[in-house]
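Colleague: I should like to understand how the labels given to parts of this structure are justified. Could we go through them in turn?

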Amino acid sequence: MNSYYYRLTNNKKTKFIVLCIMAIVIIDIFILIGNVSESWIMPHLATFLAGSSLGHMMQILLIWFLPIFLLIMCADSYIQDYKTGYRYIVATKKGRYSYYKTMLLGNMSFSFLVMVGCLLFNMLIAYMVFMNGEFDTGLTPDLFPENPLYTLANKIPFVTNVVYIIIFGFFTSLCAGMATVLSWCFPDIKYTYPLSFVIWFSQILGLNYSLAMIIQPFNEVTLEAFVFIFFRSTILFLAVITVGFIYKVKSDEV
């Protein structure tokens, strides 16, 4: 695993995408600062995932196109190995199972760490910049008294932000895993990229049952809807990862 991490961290393409993700979450803060009219927004509502910036441009860019970012960052590394024949060298040395397991877990854990790290940095900056903010954007703690999830989130806003960052990191890792196994089964970017995007975007669509509803804190989603969306999307991504992994390990000639 260390050698795979070394490979990723020394890849210029990987470094570029990490910088892009970091830039997106920082630009969102500048947009939020530009939106200030009379009073500054409350710090817990200024985080990237809270989505308070006008137009939600940065959230749309990162969340909608997440599989594309992840594929360029790390998940399509197999396609390069496939074209150069490097997979034969590594798989012969380490074994087929170990080669695919290392790549899958490496991409999933690396994506989780990058996303959680960038969002925690965004949260730190947001809490510092909007330290004295008082504007609640209409999201008062008693807005949905019948919704225990909303009430609890507003009682512990700092913890809520951290928990939602981890939840988004979790789905980022699943998205990276899904994109990775798709690159194994369809080792060509003209198939892997659109297929990964379509599967991910199928979970983003759906208004009140969109995956976006459970990675954005302080919204009106109910606990029942949260649980349903969480398990629906998790099962879908795990099914793709599991089937793709078993198929590749058993069928590949490496």
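The exchange below takes up exposure, burial, disulfides and nonpolar groupings in a predicted model.

Colleague: Why is Phe-30 called exposed?

Modeller: Exposed means over 50% relative accessible area. Phe-30 has 58% relative accessibility, so it counts as exposed. Phe-30 is found in helix H2.

Colleague: Which residues form the nonpolar patch on the surface?

Modeller: Phe-30, Ile-33, Trp-40, Phe-121, Leu-124, Met-128 and Val-129 form it, with about 660 Å² of accessible area together. Helix H2 (12-35) and helix H7 (96-129) are the elements that give two or more residues. H7 gives the most, with four residues.

Colleague: How do you know that Cys-118 has no bond to Cys-20?

Modeller: A disulfide needs sulfur atoms within 2.5 Å. The sulfur of Cys-20 is the closest cysteine sulfur to that of Cys-118, yet it is 10 Å away, and therefore too far for a bond. Cys-175 is in no disulfide either, as the nearest cysteine sulfur, that of Cys-74, is 10.0 Å away. A search of the whole structure finds zero disulfides.

Colleague: What makes Cys-118 and Cys-175 buried?

Modeller: Buried means under 20% relative accessible area. Cys-118 has 3% and Cys-175 has 0%, so both are buried.

Colleague: Which residues touch the most other members of the largest nonpolar core?

Modeller: Leu-62 and Trp-200 do, among its 62 residues. Not counting residues up to four places away in sequence, the contacts of Trp-200 include Cys-175, Phe-171, Met-178 and Phe-237. A second, separate core of nine residues includes Leu-45, Ala-46, Phe-130 and Ala-153.

Methods. Residues are numbered from 1 along each chain as its sequence is written. This is a predicted model: local features need pLDDT of at least 70, side-chain atom pairs count only at pLDDT 80 or more; totals for chains, interfaces and linings use all residues. Side-chain values use heavy atoms; hydrogens and water are left out. A nonpolar core is a set of buried Ala, Val, Leu, Ile, Met, Phe, Trp, Tyr and Cys residues joined through side-chain atoms within 4.5 Å. Buried means under 20% relative accessible area, exposed over 50%, partly exposed in between (1.4 Å probe, protein chains only). Contact means heavy atoms within 4.5 Å. Patches are made of residues with over 30% relative accessible area and no salt bridge: like charges are joined within 9 Å, nonpolar side chains (Val, Leu, Ile, Met, Phe, Trp, Tyr) within 5 Å. Accessible areas come from the Shrake-Rupley method with a 1.4 Å probe; for residues, only the protein chains shown count as cover. A salt bridge is a side-chain nitrogen of Lys or Arg within 4 Å of a carboxyl oxygen of Asp or Glu.
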